[in-house]
Amino acid sequence: MTHDPQESLPQALAALLAVDKIRYTRQALIQLGPWPPAAVDEVLRLFAARGLARPSRSGLWRGRAEALRAFSRERAPEVTARPLLRAVASLESGAVLDGCEILLEEVRQTLDDGRCAAVLALLDLLLSGLRRWSGDTEEAEALRRYLSVFRSVQGISIYMGKSGQEVLDLLPRARAAAEALGDRRVTLMLDLTEASQRHLTRMHNTERPYALLARTLASIRELGDPDILEEASHSIGILHFMQGAYSEALPCLETGAVSRFTAHFNYFEEARLRYIGSAACSLGLPAKAAGILLAGLREARLRRNRQTRKWIQTHLADDLMRMGRPDEGLALLDELLLCCDPATETTLWIWNMRSLAHYHFLKGRVATSHRIFYASMRYCVRMGLQRPYYGFTWLFDMLWAYEWQGLPRIPGYDLEDELAAAQQSPNRHLKGAALRIRALQARARGVDPAQVRGLLVRGLTYAKRVGSPLEIARCRLALAYCLSRRRARQAELLFSAARAVLRRYTQYDCPDGPGGEPDAPYCPDGRSCLRRCREGLEALPAWSDLDAHLADMLRIVSETFEVERAALFSPDAEGPVMVCNISRLELESPGFRPVLKKAAAVMEAASGEPARAARGAGIYLPLTVPNARPWLLFLQCEFFTSHISAQGTEIFRELGGLLARELQTARRLQEGMRKALHAVEERGRVAAERMAALDEPYYGAGLDDVLRQADSTAVTDAPVLILGETGVGKDLLARRVHARSGRAGAFVPIHPASIPEQLFESELFGHEKGAFTGAWRQKLGHLEVADGGTLFIDEVGDVPLPMQTKLLRVLQEKCFMRVGGIREIRSDFRLVAATNRDLKSMVAQGRFREDLYYRISVVPLTLPPLRERPADIPLLARRFVEMFSRRYQRRVPPLEREELERLRAYAWPGNVRELKNVVERAVILHSGGPLHLLRPVEAPPLPAEKTTPSGPLSGLEWEDLPNLEELQRRYIRHVLRLARGRVDGENGALRILGMKRSTLYARIRAWGLDAVSQLYGREK
């Protein structure tokens, strides 16, 4: 947003300050515009002088609502040009949901811009709106909107680390709305978010949030809904993380693509990157942690999403320090501390200050570390943030070091309380570390060595169950120091094993080696890497998708050789065909062009020799495939550079040979699968041609122009609107458009008139299990089934008006959600619609949306009625005779000339459908001799309307006095007779009566008018 010079700043600030019980910082008021600070200060001084608003001692501004509204009325009409001010006006007028939805759009922009003070003010406004919502409605759409807004506010609160209790206070109202809606899925998602939210409060690493999360996930598994299970997979990963089961957490957290927080306000959708990094660090996989966090960081920088960048950079700095790279971590921290505001980004700020204290601790400056941590936590406690979340064990070591040196207790973090909480928590990693610190305390107090060893053995058991190499090493080191001289050999083995691991990860507490010589940078053993890579490739299951197989290959290479990112290049593609820890946005960025240029040059040279990157640790490895141009594997590390730079070239040559053989095998399999698929498709094509030869509708010359237009349009994705009377073959033309479109998906017809209005949304979009009463299972909607194919809406004029708005949005975005759904579904369908109505007149009458009309009628095709193309009647009649003769195995003679002339002379009000039905009946009833089509042809023409004043209403006078229902019955019967039984068309009963088709059919059946309508047999 930019400042509008025409806007009245005093009125804008007056509107914001007039919202009851909302307080703003000066910085928030500036950022909400954003407005010039000097101009905002001038207005605030004016308000303070007039007594309209005043700041508190803490600098929070609060206005006098009635006085500010009066001030605005005196100056000019209310300012609503900005979306923010329109939202405030909506909240004040009672349109709470409208206002909240506008505010959410404002949060998206301000958060991406990094205006955190404004985001907190918007969060307060959203909470104010949710508290104002009355909730006294049973309208499903309003309930869904409320729940959508509430879940977004939940996510914003978790992301910003503010107003958590206020959101939890609103949970009962949200649950009541979900129960009123009958949507069990939303109720479970609310429970899921609550458990995850409590996991990040001062209750973290305790039993309560873990138990709530476990109970909710059990209910989700019982529900068995695939979509909610997919969304909950990340929460399942967090549940494993809370247990310290990092190996089980990673597969759950790594599923699906990572989306920006502002896309859906789902905190854990974006934050799972950080959980992956922390879990990988705990498992001793530093390159994996750095690689995935660097990929997210680069993408956030390219998107200019400041807040996401700050959080990812914070966690990357912390993980680097844990993995023995404190100086690289400090460089990231320095950049963050310059742009992090402790007042508005308190949670983020304390993470950074805590990491800064950790840095000094790693460097042996315990007093400096304590001074930083102590001052930072005093400020946090004053801001209401006590016991900020942590999911690592180094905090225990720092607190123990402070206690050992007699330094004051850190506010919010008492070592005894933290150790007690860890021992009671479900997290095995924290339990093991807490037992180790307990053992160190006991040893310092002179407790019996046997008891100390007992604590360390228990801690080592937990560490082994977790699989944390650093915690295992520290437990072994402490245990080696505790063993007596009589067990010197065992102590030596424990000491050596612990020292090797601590040296490998360059840890601060690694004991000096012989001579105190510095260790060479760690590099994975090449032979071991090749062996594990070969075993991983051999263990891959049979595959049907080459892309998935290439992704598995790249993952195995990245993990076994411990590199941060990788890319696989094909000679037939401009860029990489598969990547690991490289976003699509980065691939298209200027920063990646040198990699693309170098990769192209190495493949073009075709020397087969690996090429090292000129800058940084990277290698370009050609994969020479026989009788084909070479592929190329690119590996790179930014932080753990020795993993590539110290690896021998011969190892990389062997890796290239291994992967080249795997590629050759994969390409052979793919070629075999392609040929088999081609053979199946060819057989299908031949069979389809044979069927077409039997059932082709045989359009006559009268439709040549329309068919040419349809065929030229079919190859595009443009929506098609087919116009024509009932029975002209609109559905056949729609199928022809689909058949010639080349789309692999299905042809999915939908008939709005046959669907009750209250079920139309469920039929079109589908619904989730438990979305409403009676939704016992998940149902795919027509839109989802039509993905990759064609959606045909027959009689589009019958689509209910409320559904037309939703249909328009789907046509514009090709995205929708099932009823009761929480996940956007994309469907690449092509729309073909048909109608026998005059949609333009319906638009003029307000019965059809104008924007929807123009959206569906990009290419209108008009099918003329059969009476306007009499030359086609003989051709159609002959082909129908042949078709039904084969179908019913009847020997019938061809139609005689006189019979064909009589067919041409008939008006055919039912068009091709009527002709087809007449021929079918004649073939079925034929018992010898010439084939005659007499009954419908000999029917008398429509009677001319009388010119008397009574006109077509003559005969409607009755001697008795019928009730209203009987009067309707007689009038509908009269209209059916007047229309000669025709329901559709220009002179049909539907046009005369102006009724819905389903209503008219229901009354025809209920009142026994079947024979009159010629639809259901004789009259009862």
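Here a trainee and a mentor talk through how some descriptions of this predicted model are reached.

Trainee: What should I keep in mind before we start?

Mentor: This is a predicted model, where local features need pLDDT of at least 70 and side-chain atom pairs count only at pLDDT 80 or more, while totals for chains, interfaces and linings use all residues. Residues are numbered from 1 along each chain as its sequence is written, and side-chain values use heavy atoms, with hydrogens and water left out.

Trainee: What makes residues 37–50 helix 3, and how does its reach fit what is expected?

Mentor: Helices are DSSP runs of H or I with at least four residues, strands are runs of E with at least two, and both are numbered from the N terminus. Helix 3 has 14 residues. The expected span is 1.5 Å times one less than the number of residues; for helix 3 that gives 20 Å, and the reach from first C-alpha to last is close to it, at 20 Å.

Trainee: Which residues of helix 3 are buried, and why are they said to line one face?

Mentor: Buried means under 20% relative accessible area, exposed over 50%, and partly exposed in between, with a 1.4 Å probe and protein chains only. In helix 3, V40, V43, L44 and F47 are buried. Seen down the axis, these buried residues fall within an arc of 100 degrees, so they line one face of the helix; the arc is taken from the directions from the helix axis to the C-beta atoms. An α-helix has 3.6 residues a turn, so residues three or four places apart point the same way. The face turned away from the buried side carries exposed A38, E42, R45 and A49. After helix 3 comes G51, with a positive phi near 75 degrees.

Trainee: Why is F592 called buried?

Mentor: The relative accessible area of F592 is 1%, which falls under the cut-off, so F592 is buried. F592 sits in the loop between helix 29 (584–587) and helix 30 (593–605). Contact means heavy atoms within 4.5 Å; residues up to four places away in sequence aside, F592 touches R565, P576, I582, E586 and L587.

Trainee: And T506: buried, exposed or partly exposed?

Mentor: At 43%, T506 lies between the two cut-offs, so the term is partly exposed. T506 is in the loop between helix 26 (488–504) and helix 27 (526–538), and beyond its neighbours within four places, T506 is in contact with M323, G324 and R325.

Trainee: What puts H360 on the buried side?

Mentor: Its relative accessibility of 15% is under the limit, so H360 counts as buried. H360 is in helix 19 (residues 346–362), and its contacts, leaving aside neighbours within four places, are R365, V366, T368, S369 and I372.

Trainee: How do you know that C475 has no disulfide?

Mentor: A disulfide here is a pair of cysteine sulfur atoms within 2.5 Å. The closest cysteine sulfur to that of C475 belongs to C482 and is 11 Å away, too far for a bond. C510 is in no disulfide either, with the nearest cysteine sulfur, that of C475, 16 Å away. The search of the whole structure finds zero disulfides.

Trainee: What makes strand 10 and strand 17 edge strands?

Mentor: Two strands pair if DSSP finds at least two bridges between them. The open sheet has five strands in the order 10-13-16-9-17, with parallel pairing. Strand 10 (747–750) and strand 17 (859–862) each have a single partner strand, so one side of each is left without a neighbour in the sheet. Inside the sheet, strand 13 (residues 790–794) and strand 16 (residues 830–835) run parallel, joined by five bridges, with L791 opposite L831.

Trainee: Which strands stand at the edges of the antiparallel sheet, order 5-4-8-7-6?

Mentor: Strand 5 (576–580) and strand 6 (611–612) do, each having a single partner strand, so one side of each lacks a neighbour in the sheet. Seven bridges join strand 7 (residues 617–623) to strand 8 (residues 631–637), which run antiparallel; G618 has Q636 as its bridge partner in strand 8.
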